[in-house]
Amino acid sequence: LEQQEFGSRIIYAQQGLSLAKKNDDLKGQADCLLIIATSNGWLKNLGLAVQYALEAIKVYEGLKEHAGIVESCAVLQAGYREAGGYRKSLNYAFLAAEVSETKNVMGREFSFPGVYLAPLMLAEIAQTYVLMDKLDSALFYTQKAIDEKSIFNGYPWNFPIYLEATYQAMKGDFNSALANFRIAKEFAPKNGFSRDTLQIGSGMANLFVKMGKPDSALHYGKGVVRAW
């Protein structure tokens, strides 16, 4: 169903792109390019996601459309990170964070409508540093994201808490990690990000392996598989 949904978005956005080009509507073109990029990102078509996001950001930069620039950077940093291009990922994430902070950018209808985007980009930077095993930098940007106190649906945002738990697990502070994983797991569905529980459950399974508790690790690992 999810593949069909994003596939339909791409089809409609391509039709919109054709109309926007006929009408010389630059913002409409950029918006359609961004929707195509975002949808391909969700479908793990990383090359297409990056291609369309690069096209979108060029148009947004010409228009000085700050929200579009940040949202395009968000797609680019995610695409490059998943492809293992951590340095390029960080370049776009830092650009997005800087524009978000200096221009006070809020998300539009394409992603996180009405939400201040800077904390989201700070958390993405932290995630990339975790994958690079640069834990001091990961903790620094995780804490910056936590300090922003982002709220979704009336509850603290789960993702920075998950990142802090991941850092603690990697540093061997297992009890603190477990406590934060549980907090993040509670908040994720309340935030409206049920998909995040898969990542959190995987983190908990890995943590229990490190703690020498294979039964608990198996329990959470099976939970991730069933949910997926």
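**Helix α10 and the aromatic pairs**

Me: What is the phi of Gly212, the residue that α10 is followed by?

Reply: Keep in mind that this is a predicted model. Just past α10 comes Gly212, and its phi is on the positive side. The value is near 75°.

Me: How far apart are the end C-alpha atoms of helix α10?

Reply: Helix α10 runs over residues 196-210, so that's 15 residues. At 1.5 Å a residue, the expected span is 21 Å. The model agrees with that, as the end C-alpha atoms are apart by 22 Å.

Me: What covers the buried residues of α10?

Reply: Quite a list of α10 residues is buried, including Leu198, Ile200, Met204, Leu207 and Phe208. The cover over the buried residues includes α8 (158-171), α9 (174-191) and α11 (214-227).

Me: What is the angle between the planes of Phe140 and Tyr141?

Reply: The aromatic pairs come to 14. Phe140 and Tyr141 make one of them, with 4.9 Å from centre to centre. Planes over 60 degrees apart count as edge-to-face, and this pair gets that label at 90°.

Me: Is Phe140 buried or partly exposed?

Reply: Buried takes under 20% relative accessible area, and exposed takes over 50%. Tyr141 makes the buried cut at 16%. Phe140 has 48% relative accessibility, so Phe140 counts as partly exposed.

Me: Which aromatic pair is tilted, with 45° between the planes?

Reply: Its rings sit 5.8 Å apart, centre to centre. One partner is buried at 9% relative accessible area, and the other is buried at 8%. The pair is Trp157 and Phe159.

Conventions. Residues are numbered from 1 along each chain as its sequence is written. This is a predicted model: local features need pLDDT of at least 70, side-chain atom pairs count only at pLDDT 80 or more; totals for chains, interfaces and linings use all residues. Side-chain values use heavy atoms; hydrogens and water are left out. Rings of Phe, Tyr and Trp (its six-membered ring) pair if their centres lie within 6.5 Å; planes under 30 degrees apart count as stacked, over 60 as edge-to-face and the rest as tilted. Buried means under 20% relative accessible area, exposed over 50%, partly exposed in between (1.4 Å probe, protein chains only). Helices (H or I, at least four residues) and strands (E, at least two) are DSSP runs, numbered from the N terminus. The expected span of a helix is 1.5 Å times one less than its number of residues. Contact means heavy atoms within 4.5 Å.
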